[in-house]
Amino acid sequence: MRHRIWKRQSPAPAPQRSARARLLKDPADVPSWIAMSVALSGEGKSEQAVEGLTRALAVMPDQPDLWVALGEALVAHNKGLVSPAARLAFDRASRIAPDHPAPRYYLGMAWLQAGKPDQALETWQALLASAPADAPWRENVARKVKAAQTMLAAGVGR
């Protein structure tokens, strides 16, 4: 079945319809693939998001943002846990774009989920040290740093 992710029984929500329309005009539109993935994952259709991104990556394997989106869809599919498959996607994004912040963020999450807040803290502190002052994600990472510090203070991971 070709383009299974587009087949639906009820009308798609507006963000999904909009991304779908843009992709029908330009299948190489990376932001639209990401928007479609976010919309599908938000509807609880993370498996379809993964399938769509896998198809996109088959023809655009050098797009780090698509690899990040795939990793995020895999995390959504795994109910917030950074699975080995998600780690592989983030690692691929990192190899293509070493300065991309998302792979390092999720590496910290993987460390935290593995009960190693010290490794998570080290990863996130390095990420913050290299981040531009106006990076929109700084606040989120700073909260994660505080959470890892709190866990360490409570003796988790020691």
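**View 1. Helices α1 and α2 of the predicted model run roughly antiparallel to each other.** In this predicted model, helix α1 covers residues 14–25 and helix α2 covers residues 30–42, and their axes, which come within 9 Å, cross at roughly 150°. Because that angle is over 145 degrees, the pair counts as roughly antiparallel, and the crossing of α1 past α2 is left-handed. On the α1 side the contact is formed by Pro-15, Gln-16, Ala-19, Arg-20, Arg-22 and Leu-23, and these meet Ser-32, Trp-33, Ala-35, Met-36, Ala-39 and Leu-40 of α2. Sorted by class, the residues of this contact are eight nonpolar, two polar and two charged.

**View 2. Helix α2 and the residues it buries.** Helix α2 is made of 13 residues, and the distance from its first C-alpha to its last is 18 Å, close to the 18 Å expected at 1.5 Å a residue. Its buried residues are Val-30, Ser-32, Trp-33, Met-36, Ser-37, Ala-39 and Leu-40, and the elements that cover them include α1, α3 (46–59) and α4 (64–77). Of these buried residues, Ser-32, Trp-33, Met-36, Ala-39 and Leu-40 also take part in the contact with α1. Just after the helix, Gly-44 adopts a positive phi of about 80°.

**View 3. Helices α2 and α4 lie roughly parallel.** The axes of α2 and α4 come within 10 Å of each other and cross at roughly 5°, and, since angles under 35 degrees count as roughly parallel, α2 is described as roughly parallel to α4. From α2, the contact draws on Val-30, Trp-33, Ile-34, Ser-37 and Ser-41, while α4 contributes Asp-65, Leu-66, Ala-69, Ala-73 and Ala-76. By class, this contact of α2 with α4 holds seven nonpolar, two polar and one charged residues. Trp-33 appears here in the contact with α4 and also in the contact with α1, and Trp-33 is buried.

**View 4. Lys-79, a residue other than glycine with a positive phi.** Lys-79 is found in the loop between α4 and α5 (84–96), where its phi is near 55°. Most residues other than glycine have a negative phi. The relative accessible area of Lys-79 is 77%, and because exposed residues are those over 50%, Lys-79 counts as exposed.

**View 5. Helices α7 and α8 pack in a left-handed crossing.** Helix α7 (residues 117–130) and helix α8 (residues 138–153) have axes 9 Å apart and pack at an angle of about 150°, which makes α7 roughly antiparallel to α8. The contact brings Pro-117, Asp-118, Leu-121, Trp-124, Gln-125, Leu-127 and Leu-128 of α7 together with a set from α8 that consists of Arg-138, Val-141, Ala-142, Lys-144, Val-145, Ala-148, Gln-149, Met-151 and Leu-152. Divided by class, the residues of this contact are 11 nonpolar, two polar and three charged.

**View 6. The protein chain as the setting for the close-ups.** The secondary structure of the protein chain amounts to eight helices and zero strands, with the pattern α-α-α-α-α-α-α-α along the sequence. The C-alpha trace spans about 50 × 30 × 25 Å along its principal axes, and 39% of the 158 residues count as buried. Among contacts in the protein chain with a separation of 6 or more, 47% are between residues 24 or more positions apart.

Terms used:
Residues numbered from 1 in each chain as written. Predicted model: local features only at pLDDT ≥ 70, side-chain atom pairs only at ≥ 80, totals over all residues. Heavy atoms only, no water. Axes fitted to C-alpha atoms, helices over the stretch in contact; angles between N-to-C directions. Helix = DSSP H or I, 4+ residues; strand = E, 2+ residues; numbered from the N terminus. Parallel < 35°, antiparallel > 145°, perpendicular 65-115°, else oblique. Left-handed = near helix turned anticlockwise from the far one by under 90°. Contact = heavy atoms within 4.5 Å. Nonpolar A, V, L, I, M, F, W, Y, C, P; charged D, E, K, R; others polar. Expected span 1.5 Å × (residues − 1). Buried < 20%, exposed > 50% of the residue type's maximum accessible area, 1.4 Å probe, protein only.
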